[in-house]
Amino acid sequence: MIPEFEKFKGFSAKNLPKEEPLAPGHRACQGCGEVLALRMVMKALGKNVIVCSATGCMEIISSPYPHTAWRVPWIHIAFENAAAVASGVESARKVLRRKGKIPKRHVDIMAVGGDGATGDIGLQWISGAMERGHDFLYVCLDNEAYMNTGVQRSGCTPYGAMTTTSPPGKQSFGQVTWKKNVPAIMAAHGIPYVATASPAYFIDLMNKVKKAALVKGPAYVHIYSPCPTGWGSAGERSVEISKLAVDTKVFPLYEVIEGRYFLSRKITKPKPVEEYLKLQRRFRHLDEEHIAYIQRRLDADYEKLVKLSEMA
Amino acid sequence: MGKRIGVEVSIAIADAVKLARAEVIPAYPITPQTHIVEHLAEIVANGELDAEYIPVESEHAAMSACCGAVAAGARVFTSSSSQGLSLMSEILYIPSTMRLPMVMVVANRAMSAPISIWNDHQDIMVQRDIGWIQTFAENGQEAVDLVLHAFRVAEDRRVSLPMIVNIDGFTLSHVIEPIELPTQEEVDAYIPPFKPKRKLDPRKPVTMGPVGIPEVYTEAKVAHDHAIKNSRKVILKAWKEFADHFGREYHPVESYKAEGADTILVTMGSISETAMTAIDKMRDEGRNVGLVRIRLWRPFPAQEFRAATKHAKVLAVVDRCLPPGAVCGPVGAELRSIFYKIPGAPKIFSFVAGLGGRDVTVERFEEIIDKAEQYSKRRPKELYEVIGVREK
């Protein structure tokens, strides 16, 4: 087990930090599940952190100069390279600490990006930083498409979903590919800590982020982030949809600690995926056959995950 | 003063970076820059330099890590070339407007296609407008001196801009020259410790790299333009102090037998050494010719260049870059522009030579000067001419 985890007792409803390192007043859409997740990430990390942001929704809504929602040091360079920027920050602090130019105490370094910045365009940069073993955490806020540019499909867009570049038509039913398993790619780097999280289970989310920050070396947290604007869902149902994603096996919650899988929430009485799909306009065009296929594949994927966790 | 020894220019550059006490070195290998980053890796591995060497997975990541490291308060160096420099291109514009100082040596190399590892200036000319201060070295000693100068200028709070020192790939990077490396004490006296105005620090949070809405974008770019224009004073002063410390003088442009010359050859980089030989030969033959070499490319030293070529009737400008479809090479275009509508301005003729490692010999320089003088009497059909093209 990871020694750094022993000191950490975990967050609970009783000891939630009051601090808001991400200030209110930013410009996210109503009901945005991504900024909700980011707020919890920042609550878990506190103010002793340097944030390296990818270009994307969370970057533009939080930093329209001369305003900023960031009460912690924050840097944005470009879209695909937040992990490389974090590599530079981490290395600089390492040498500056060694040379006595900055205080010895540890400061967390987080890189954060959306699913496009993480699983598509930025995959190489993250892979490089993970492989080199920098002491940082990478948080992916996955809203399952390029929302900032107007809802275009990404590698993380789920099967069947309608986006502006995977439109259903006479020859198509929407996204034709299955969601890319980015957490598995990260786990394949042999890094000490990988986890998936959901804003519906916010204490679990915060504990995972905190663990990712505590662990020495690279860590990765993949967070489900509902996007009412892009998904055609009701803003007030973002948390409900997040919960359903877990209960229907669409987005299982687990940790990969030193290569071993642990299910955070075992789904013993799964709900049919249809309940999840019907709350979102992006899936409205799917017929029974597609839904049946999605159900079969989700069941199979979940079974694999359970098997992996049984090996732990 | 250090000893003058025979050493490969790349090795000497790496030693200069060590003397400048670089703290973070993100680097990705590309020919012909490799010897610089290899030697730096060795220096760090041996504990001769207390630095973090980041063996990144691409040049794009190298430049990204450079940005993060400077923002966190470290002195940063990297080096690249050609395709690698172009891969960085997206990021290169960012540290300059964000005022993140760092030093990069570019071992100039041709751009693909066809793929070529050999020298010309096409790689840097496509990065002309990234807003970095840029100098061109002629020889190994100058390369080393310009690297030290670059750290001093870039990190000066009045400047706070990234800087590129261009060295010709192979013809400079891989040759062994007699080079004098200063001592650590001398370099420490010339380059003060890096003290950035702001850095990423939880004790004093700052937001770096925010969104520039239309109401502020123009102002951000104008502030950058002012910064690089105003850097001129610091660049000159740092060269003056360099002469005081190390005894070698540098100026934005360098003249060789140009005083009173009717025809002046204009070059950048290491071909200027051969150009000087050509000038000597033609002078011996009674021709009134000279050479002006541009050392400072950005900010462009218009004033100094005009002064250096004040009495000339003809300028023969040699570009090491062929921008297809353009009116001429970038140096030629720059010079035509600074002399536009200036009374008594010299006639400017643009030549392109030495692409992809093609040797530019003394004879070629003679040909360029001869042609420029002919064209001054009878206007050429084209706005530029590529020299030394094989007919079959």
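**Exercises on the two largest pockets**

In the largest pocket, helix 8 of chain B gives the largest share of the lining, seven residues. The model is predicted, so that local features need pLDDT of at least 70 and side-chain atom pairs count only at pLDDT 80 or more, while totals for chains, interfaces and linings use all residues. Residues are numbered from 1 along each chain as its sequence is written, and chains are lettered from A in the order in which they are written.

**Exercise 1.** Describe the largest pocket, its volume and its lining.

*Step 1.* A pocket is an open set of points on a 1 Å grid over the protein atoms alone, where a 1.4 Å probe fits, with protein on both sides within 12 Å along at least five of seven lines, and lining residues have an atom within 4 Å of a point. The volume, the space filled by probe spheres set on the points (joined across faces, edges and corners), is about 1,300 Å³ for the largest pocket.

*Step 2.* Among the 41 lining residues, those closest to the centre are B:Thr97, B:Met98, B:Arg99, B:Gly209 and B:Pro210.

*Step 3.* The lining divides into 22 nonpolar, ten polar and nine charged residues, where Ala, Val, Leu, Ile, Met, Phe, Trp, Tyr, Cys and Pro count as nonpolar, Asp, Glu, Lys and Arg as charged, and the others, Gly among them, as polar.

**Exercise 2.** Find which element gives the largest share of the lining of the second largest pocket.

*Step 1.* The second largest pocket holds about 570 Å³ of space, and of its 28 lining residues the closest to the centre are A:Trp178, A:Asn181, A:Val250, A:Pro252 and A:Asp301.

*Step 2.* Helices are DSSP runs (H or I, at least four residues), numbered from the N terminus; helix 11 of chain A supplies the largest share, seven residues.

Conventions: Heavy atoms only, no water. Helix = DSSP H or I, 4+ residues; strand = E, 2+ residues; numbered from the N terminus.
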